[in-house]
Amino acid sequence: MIKPLITLLALALFQPVVLAKTLQVSVDDNLQTVLDSASKGDVVSLDAGEYQGNFILRQAITLTGNNVATINAGGKGHALLLKSSDILIEDLTIINWGSDLTAQNAGIYSDKKANNLIIRNNKLRGDGFGIWLQSGKHIKVEGNEVEGNPTLRSADRGNGIQLSKVEDVEVTGNTVSKTRDGLYIIASQYNVLKNNTMHDLRYGIHYMYSHSNEVLDNLAYNTRAGYALMSSRKLTVRGNETRDSEDYGFLMNFITYSDISYNRITNVWTKPENKVLGRDGKGLFVYNSGYNTISYNTIDTAEIGIHLTAGSENVKVFGNSFINNPVQVKYVSNREQEWSQEGVGNFWSNYLGWDLDNNGRGDTPFEPNDGIDKLIWQYPEAKVLLDSPAILMLRWIQKQFPVLKPAGVRDSFPLMTVPSASDDTLFSQPQSTKTMPPIPDQTAG
């Protein structure tokens, strides 16, 4: 019995080892045939030139364009369809895929349950979706450039990078422009979007029905809204910048238990040719969103600094800087809202109070909206009366007889200078969302 066992063991040990191969491909070769014949772990390396067609990757391989190869999908379908896990796509130029948004035409499209993908350093230019990932986990999308077709209406373009029902995806260092939305995330959890640049879009980053995501250190400019966060919870949105938006810097619609901190919003202004009654650029627009922390953000030169509405209460607002906004706050509430935490309020560029004890906080509270403001919001045509003696008298009466003043926003500790995160003597660490009331047992829609 021992001899047969030794023989079998020797045969097993000396079986030839199958190593991953590098398959060099030229434009004269049939690329799809090479992809189909490749084995797990092989590298398919493309020579310089244009490879025309719609290609399917069915094996766990690497496809590299070496920064000299172009995939041209001929104006239809997906350029690359990934039907396996453990695929690496890098250094390719991908152009001219389909424009059928219903069919989800994309430059790179991952089939369901394709995990452990890496998509990096590719250049994509086309009409439909740039990169579409669905139902996968453990994916990295790094350093890609996605450009849409600006000759199409915004609604007829695909999104630059779309995450649908995915988990543990890192989207870092990408640049997206001229698509519909830059990064679109729906029903996806535990993902990180970091250091991406989005411009000339409808929305830079757009969230729907997702939770436990991080949005960190991204830049959006020349958009209708830099960041549109909708129907999601437990988002950490920190260190981002948006500038030159037309309607919103940050749009929050039914966002709960989230931390919106250390972001910078500048120049949110509706273009004169698009101006209609009630359409004003809003630095922060918070609709039907509660139990959030909004702290240490800068809102500079927006038509309205922050607009809260539709039951957006139980919100912690402190450490923010409201600078050069014609209307700092637009908020109608049935009860007074205190916008400070543990003695730290916000900086208001139009605060006229004194700091006689030199502690960095104003000696009198700041109330950025009053009954006259609310009257103007309800009847915008009444703006022509703002400087009239009657309005001035009403404001004087409100100050002299506070009982006549309706409930609104109150900052009991307005800051005398723009906050600095390094000034430990004045500012405490921002509150964690973990200190908020328990999160109801619910799942993303």
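## A strand-rich predicted model at a glance

About 20,900 Å² of the protein is exposed, and carbon and sulfur atoms supply 53% of that area. Please keep in mind as you look around that this is a predicted model. Its secondary structure comes to 37 strands and four helices. Of the 445 residues in the protein, 51% are buried.

**How far to trust it**

- Averaged over the protein, the pLDDT is 86, and 81% of the residues reach at least 70.
- Two stretches deserve a careful eye, starting with residues 11-17, where pLDDT stays under 50. For residues 11-17 the model has zero contacts beyond four places in sequence.
- Residues 424-445 also have a pLDDT below 50, yet the model gives this stretch 45 contacts beyond near neighbours in sequence.

**Strand β23 and its partners**

- If you want a place to start in the structure, try strand β23, which spans residues 219-233. Most of this strand is covered, with 11 of its 15 residues buried.
- On one pairing, β23 runs parallel to strand β21 (residues 197-208), and nine bridges join the two. Here M198 stands opposite A220 of β23.
- Strand β25 (residues 241-256) also pairs with β23 in the parallel sense, this time over 11 bridges. In that pairing A220 stands opposite T242 of β25.
- A220 is therefore a handy landmark for tracing the three strands, as it faces M198 and also T242.

**Nonpolar cores**

- The largest nonpolar core holds 76 residues. Within this core, the residues with the most contacts are V44, L46, L80, L133 and L229.
- Strand β21 gives the largest share of this core, namely four residues.
- There is also a second, separate core of eight residues, and Y184, A225, L251 and F285 are among them.

**A closer look at L80**

- Which residues does L80 contact, leaving aside its neighbours within four places in sequence? They are F55, L57, L63, I89, L92, I94, G107, I108 and Y109.
- L80 is also one of the residues with the most contacts inside the largest nonpolar core.

**Contacts along the chain**

- Among contacts in the protein with a separation of 6 or more, 48% are between residues 24 or more positions apart.

Terms used
Residues are numbered from 1 along each chain as its sequence is written. This is a predicted model: local features need pLDDT of at least 70, side-chain atom pairs count only at pLDDT 80 or more; totals for chains, interfaces and linings use all residues. Side-chain values use heavy atoms; hydrogens and water are left out. pLDDT is the predictor's confidence in each residue, from 0 to 100. Contact means heavy atoms within 4.5 Å. Buried means under 20% relative accessible area, exposed over 50%, partly exposed in between (1.4 Å probe, protein chains only). Two strands pair if DSSP finds at least two bridges between them. A nonpolar core is a set of buried Ala, Val, Leu, Ile, Met, Phe, Trp, Tyr and Cys residues joined through side-chain atoms within 4.5 Å. Accessible areas come from the Shrake-Rupley method with a 1.4 Å probe; for residues, only the protein chains shown count as cover.
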